[in-house]
Amino acid sequence: MRPRLLALAGCGLAALAIAACGSGATSPTGGGGGTASVPPHVVQATASGFNAGSIYKEAEPGVVTITSVFSSSASSSIFSSGPQAAVGAGFVVNTDGYIATNAHVVTTVDISSSAPVEAAKSLYVQFADRNRVAATLVGYDLNDDVALIKVDPSGLDLKPLEPATGEKLEVGQPVAAIGSPFEQNESLSVGVVSALDRALQSFTDFRIEGGIQTDASINPGNSGGPLLDAKGRVIGINRQIQTTSGANQGVAFAIPISAAERSIEQLMKNGHVTYAYIGIRSSALYPQLAQKLSLPVDAGALVSSVVSGGPADQAGIRGSDTKVHFQGIDFRAGGDVITAVNGQKIVDASDLPNAIAALNPGDVAHLDIVRDGQRQTVDVTLGTRPAGGG
């Protein structure tokens, strides 16, 4: 059986390397910061709730093709020793000229490599109306694979896309993706939300939580483009595919708009992104495991270890070295169980990291925990997530 690959969906530097380039098949959008001077377009749903043609007609003007030119030293192309280009997608955030895309579209970052990250030497943006202009890199976030670039809005009719902030997604709901697969600009594909809350590998030591899985056709060149709901609102940034061949096989992933917006807002304001950090490793507790461990709760984050000197360690949160083998998996048992953060219940594996990510460095997180069978509350002053990975 051929191994499955996670490929970033940004089109690579050379045809022979498309499936493994900074677009092997993995890739996030946002509004935020800066208010558009004209309202974003919102599609009116049909009686059946989904009209792909209308979505495309309204959203296409806000979707762009991004060409990133790198120095020859950043390229592994076998065809040339000169500058090389990669192609991806993006979408307009506001009429000030800000455009969201993936970090791996505008840099040389690669999941399979620890080489230093190099930003594109030059960036060019092509709009649906055939205007093609230079862009500048505002900044990028390797934790959530989000980047923000900017064009001079003068003379351009910019059409911002509206983010579906706060929308509750459901498995089975129809979605549309627009991008530039294999350099075929402004291509539309449709599908459904296949699953939610997928943990995606990032370019750091931390995962991207809340990933959206879709069967919409995503291929190299789709990276950075929007995943849209029935109203043409952005619910995610198309990022990667899971594949055995380097091309779409019905399993693709997008970064949720909620995560992307946080990055975009900070990039627009500061040019970089910071994350709160608690410094623990944990696994999700479920009823059968709770029964095995004789715990009084059946949901929460079972703390397996605490980073020495980190915020949780300083607050006295406890991990455990005791191993329990249960249902084919080794667990570290006996540590604290975190059941809520600031009153927000912890049930799924992504709940704890999402709760921490919603806070800022320096904030105090009130943790409801179970320790030795007793419930109590511990306050943790959060630190700043350390740089990691690459």
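**Exercise 1.** Which residue in strand 21 is the bridge partner of Val337?

*Solution.* A quick word before starting: what you're looking at is a predicted model.
- Begin with the strands themselves. Strand 19 covers residues 337-341, and strand 21 covers residues 364-371.
- Next, check how they run: the two are antiparallel, joined by 4 bridges.
- Now look across from Val337, and you land on Val370 in strand 21.

**Exercise 2.** Stay in strand 19 and work out whether Thr339 is buried or exposed, then list what it touches.

*Solution.*
- Thr339 sits in strand 19.
- Its relative accessible area is 16%. The cut-off for buried is under 20%, so Thr339 counts as buried.
- For the contacts, skip the neighbours within four places in sequence. That leaves Val297, Ala299 and Gly300, then Gln344, Lys345 and Ile346, and finally Asp368, Ile369 and Val370.
- Val370 is a name you've already met, as the bridge partner of Val337.

**Exercise 3.** Follow strand 21 into its hairpin with strand 22 and find the residue there that takes a positive phi.

*Solution.*
- Strand 22 spans residues 374-381 and pairs with strand 21 in the antiparallel sense, over 8 bridges.
- One facing pair is Val364 and Thr381, the latter in strand 22.
- Between the two strands of the hairpin there are 2 residues. Asp372 is the one to pick out, with a positive phi near 55°.

**Exercise 4.** Trace the barrel: in what order do its strands close?

*Solution.*
- There are 6 strands, and they go round as 2-3-4-7-6-5 with antiparallel pairing. From one strand to the next, the twist averages 40°.
- Try strand 2 (residues 63-70) against strand 3 (residues 84-92): 8 bridges, antiparallel. Thr65 has Ala89 as its partner in strand 3.
- Turn to strand 5 (residues 122-126), which pairs with strand 2 in the antiparallel sense over 5 bridges. Here the partner of Thr65 is Gln126.
- Further round, strand 6 (residues 132-141) and strand 7 (residues 146-150) share 5 bridges, again antiparallel. Thr136 faces Lys150 in strand 7.
- Finally, see what lies across this part: helix 3 (residues 257-270) crosses strand 4, strand 6 and strand 7, at about 45° to strand 7.

**Exercise 5.** Why can strand 2 be called largely enclosed by the rest of the structure?

*Solution.*
- In a regular strand, side chains alternate between the two faces of the sheet.
- Sort the residues of strand 2 by direction. Val63, Thr65, Thr67 and Val69 point one way, while Val64, Ile66, Ser68 and Phe70 point the other.
- Both sets are buried. With 8 of the 8 residues buried, strand 2 is largely enclosed by the rest of the structure.

**Exercise 6.** Find the residues nearest the centre of the largest pocket, and say which elements help line it.

*Solution.*
- The largest pocket holds about 1400 Å³ of space.
- Its lining takes in 45 residues; nearest the centre are Arg207, Glu209, Gly210, Pro353 and Asn354.
- Elements that each supply at least two lining residues include strand 9 (187-200), strand 10 (208-214), strand 16 (300-306) and helix 6 (351-357). Helix 3 is another of them, and you've seen helix 3 already, lying across strand 7.

**Exercise 7.** Zoom out and sum up the chain as a whole.

*Solution.*
- Elements: 6 helices and 23 strands.
- Burial: 51% of the 390 residues are buried.
- Surface: about 16700 Å² is accessible, and carbon and sulfur atoms account for 48% of that.

Conventions: Residues are numbered from 1 along each chain as its sequence is written. This is a predicted model: local features need pLDDT of at least 70, side-chain atom pairs count only at pLDDT 80 or more; totals for chains, interfaces and linings use all residues. Side-chain values use heavy atoms; hydrogens and water are left out. Two strands pair if DSSP finds at least two bridges between them. Axes are lines fitted to C-alpha atoms, for helices over the stretch in contact, and angles run from 0 to 180 degrees between N-to-C directions. Contact means heavy atoms within 4.5 Å. Buried means under 20% relative accessible area, exposed over 50%, partly exposed in between (1.4 Å probe, protein chains only). Accessible areas come from the Shrake-Rupley method with a 1.4 Å probe; for residues, only the protein chains shown count as cover. On a 1 Å grid over the protein atoms alone, a cavity is a set of points where a 1.4 Å probe fits but cannot get out, and a pocket is an open set with protein on both sides within 12 Å along at least five of seven lines; lining residues have an atom within 4 Å of a point. Grid points are joined across faces, edges and corners, and a volume is the space filled by probe spheres set on the points.
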